[in-house]
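Hi,

Here is the structure I promised to pass on. Have a look at it first, and then read on for what turned up when I went through it.

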Amino acid sequence: MSKFFCKIAEKTIEINSIYDTVMNLCTDYISDGIPDFSVTVTQEDIEFERKKSEAEDIKEGKPVRNFPDGYLETLSVYRKICDELVESNIILFHGSVIAVDGEGYLFTAKSGTGKSTHTRLWRDYFGERAVMINDDKPLIRVTKSVATVYGTPWDGKHRLSTNTSVPLKAICILERGQENHIEKISRSEAYPMLLQQVNRPSGALKMHKTLEIIDALAETVGLYRLSCNMDISAAEVAYNGMNK
């Protein structure tokens, strides 16, 4: 059993894990101090993640992947952390977030659409002005009409993230297209994707709190839909469209 502290989204968390994989993943976030809360993982939690992964593979018609226990434990730890963070108006949102000149832009889409590819185009286009915040599972805190997005160790297969935070300016739903076109969309148009891409905690009270945070988020940031190809001009179109 490993015990360590990490600081994520301005919260200090005590993590009690079976394997060292979690601590290795969180190396850049290791901290000390008095924890705001603690999480402990059991073998039963790991088996839950295994069954969940297998069910998802079967549903999508993919070969069932056999993940090692250490990796599955990282998923369980983050699930438990995110369930606790809901009480602090913080939610996990699946997407790729990049900052330009200190403001964050989150791109979300169905798996395989090209979120990571699109934010790579932003890095190519903006150069040193662009900083990757998180490429897969960032955290968003919504308070007093301000949304802040945070980097986390859970940053996707390319391991692209920064242990920092920036104001979140916009959420953009990404779609493949022949030509680059961006449009501002309404809350009702964006809501199904917003709901799909957040972590849904167990328990009615926490789920109700999550819905309240989504509502506040939709009122706080710009909401857009981008139809794009993989040409670098897509970055220019997207940025200009969200900064009119």
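How many residues sit between strand 8 and strand 9 in their hairpin, and which residue in the turn has a positive phi? There are two residues between these strands, and Lys-144 in the turn is the one with a positive phi, of about 50 degrees. Before you go further, keep in mind that this is a predicted model.

Staying with that hairpin, strand 8 and strand 9 are antiparallel and share five bridges. Strand 8 also pairs with strand 4, again in the antiparallel sense, over three bridges. Arg-141 is a handy residue to click on here: Ile-90 stands opposite Arg-141 of strand 8, and in strand 9 the bridge partner of Arg-141 is Thr-148.

Now to the start of the chain. You'll find an open sheet of three strands there, with the order 1-2-3 and mixed pairing. Strand 1 (2-8) and strand 3 (37-40) are the edges; each has a single partner strand, so one side of each has no neighbour in the sheet. On average, neighbouring strands in this sheet are turned by 25 degrees against each other, direction ignored. Helix 3 (residues 69-85) packs on the sheet and touches strand 2 and strand 3, with its direction at about 150 degrees to that of strand 3.

Strand 1 and strand 2 (residues 11-17) run antiparallel and are joined by seven bridges. Phe-5 stands opposite Glu-14 in strand 2, and Cys-6 stands opposite Ile-13. These two strands form a hairpin with two residues between them, where Ala-9 takes a positive phi near 55 degrees. The side chains of strand 1 alternate nicely: Ser-2, Phe-4, Cys-6 and Ile-8 point to one face and are buried, whereas Lys-3, Phe-5 and Lys-7 point to the other face and are not buried.

As you may well ask about cysteines: a search of the whole structure turned up zero disulfides. Cys-26 is in none, and the nearest cysteine sulfur, in Cys-6, is 4.7 Å away. Cys-26 is also buried, with a relative accessible area of 0%. What about Cys-172, and why is there no bond to Cys-228? The sulfur of Cys-228 is the closest cysteine sulfur to that of Cys-172, but the two are 7.9 Å apart, which is too far for a bond. Cys-172 is buried as well, with a relative accessible area of 0%.

Helix 6 (residues 204-220) is worth a look too. At 1.5 Å a residue, its 17 residues should span 24 Å, and the end C-alpha atoms are indeed 24 Å apart, so the two values agree. The buried residues of this helix are Met-207, Thr-210, Ile-213, Ile-214, Leu-217 and Ala-218. Seen down the helix axis, they fall within an arc of 135 degrees, so they line one face of helix 6. Here is the textbook background: an α-helix has 3.6 residues a turn, so residues three or four places apart point the same way. The buried residues of helix 6 pack against several elements, including strand 10 (165-176), helix 5 (187-197) and strand 12 (222-228). On the face turned away from the buried side, helix 6 carries the exposed residues Ala-204, Leu-205 and Glu-219.

Two single residues to finish with. Thr-152 lies in the loop between strand 9 and strand 10. Is Thr-152 buried or exposed? Thr-152 is buried, because its relative accessible area is 0%. Leaving aside neighbours within four places in sequence, Thr-152 is in contact with a list of residues, among them Ile-8, Tyr-29, Tyr-78 and Asn-134.

The other is Ser-76, which is found in helix 3. Ser-76 is buried too, with a relative accessible area of 3%. Leaving aside neighbours within four places in sequence, Ser-76 is in contact with Val-41, Asp-45 and Glu-49. If you want a distance to try in your viewer, the C-alpha atoms of Ser-76 and Trp-122 are separated by 32 Å, and these residues are 46 apart along the chain.

Cheers

Methods:
Residues numbered from 1 in each chain as written. Predicted model: local features only at pLDDT ≥ 70, side-chain atom pairs only at ≥ 80, totals over all residues. Heavy atoms only, no water. Disulfide = S-S within 2.5 Å. Buried < 20%, exposed > 50% of the residue type's maximum accessible area, 1.4 Å probe, protein only. Pairing = 2+ DSSP bridges. Helix = DSSP H or I, 4+ residues; strand = E, 2+ residues; numbered from the N terminus. Axes fitted to C-alpha atoms, helices over the stretch in contact; angles between N-to-C directions. Contact = heavy atoms within 4.5 Å. Expected span 1.5 Å × (residues − 1). Arc of directions from axis to C-beta.
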